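I opened the model to look up two things. Strand pairing came before charges.

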Amino acid sequence: MPVVFMIPGALRELACGRAEVRLEAGPGPLSTALARLWAECPGIRDRILTELGRVRPHINIFVDGDNIRDVAGLETPVQADSEVFILPAVSGGSKNP
């Protein structure tokens with residue numbers, strides 16, 4: 001089974017309009033699975049990672065429901081049937097008294 005990357009609306013243009021990208025990947029670290037995503041959708045990489053290869057502070061990545069910041073970061077284990085959600089932080093809005 002493929003690893004399924006769920007692509008947020010703001011990044012779908014860089015993924016040819018796809019809301020999800022399915023890629024064959026065996027068990028291994030998230031960094032390896034992401035490398036496959038970068039090969040398929042290269043424009044997404046710089047929106048997710050800094051120039052030092054770290055996940056940008058305003059991006060959250062979940063593997064099978066677990067925030068990678070609470071597990072092992074880019075070394076978080078990914079299985080062949082994992083779901084990877086990429087979520088930009090949401091802020092702003094208005095206050096109503």
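In which sense do strand β1 and strand β2 pair, and over how many bridges? I looked this up at the start, keeping in mind that the model is predicted. Strand β1 covers residues 3-6 and strand β2 covers residues 20-23. Their pairing is antiparallel, over four bridges. I picked out Val4 and found Arg22 of β2 opposite.

Next I checked β1 against strand β7, residues 83-88. These two run parallel, joined by three bridges. Here Met6 has Phe85 of β7 standing opposite. I noted that β1 thus pairs with β2 in the antiparallel sense and with β7 in the parallel sense.

Then I turned to charges. How many salt bridges does the model hold? The count comes to four. I wrote up three pairs, among them Arg18 with Glu40.

Arg18 and Glu40 have their closest N and O atoms 3.3 Å apart. Where do the two partners sit in the chain? Arg18 lies in the loop between β1 and β2, and Glu40 lies in helix α1, residues 30-40. They are 22 residues apart, so I logged the pair as a link between distant parts of the chain. Arg18 is partly exposed at 26% relative accessible area. Glu40 is partly exposed too, at 40%.

I went back to Arg22, the residue opposite Val4. Its side chain meets that of Glu20 in a salt bridge, 2.9 Å from N to O. Are Arg22 and Glu20 buried or exposed? Arg22 has a relative accessible area of 52% and counts as exposed, because the cut-off for that class is over 50%. Glu20, at 30%, is partly exposed.

The next pair was Arg45 with Asp46, a salt bridge of 3.4 Å from N to O. Arg45 counts as partly exposed at 30% relative accessibility. Asp46 is exposed, with 52%.

Last, I looked for charge on the surface outside these pairs. Which residues gather in a patch of negative charge? I listed Asp64, Asp66, Asp70, Asp81 and Glu83. I followed up Asp66, which is found in strand β5, residues 66-67. Its relative accessible area is 44%, so Asp66 is partly exposed. That value is also over the 30% a patch member needs.

Methods. Residues numbered from 1 in each chain as written. Predicted model: local features only at pLDDT ≥ 70, side-chain atom pairs only at ≥ 80, totals over all residues. Heavy atoms only, no water. Patch = residues over 30% accessible without salt bridge, like charges linked within 9 Å, V, L, I, M, F, W, Y side chains within 5 Å. Areas by Shrake-Rupley, 256 points an atom, 1.4 Å probe, with all protein chains shown as cover. Lys, Arg positive; Asp, Glu negative; His and termini not counted. Charge placed at Lys NZ, Arg CZ, Asp CG, Glu CD. Buried < 20%, exposed > 50% of the residue type's maximum accessible area, 1.4 Å probe, protein only. Pairing = 2+ DSSP bridges.
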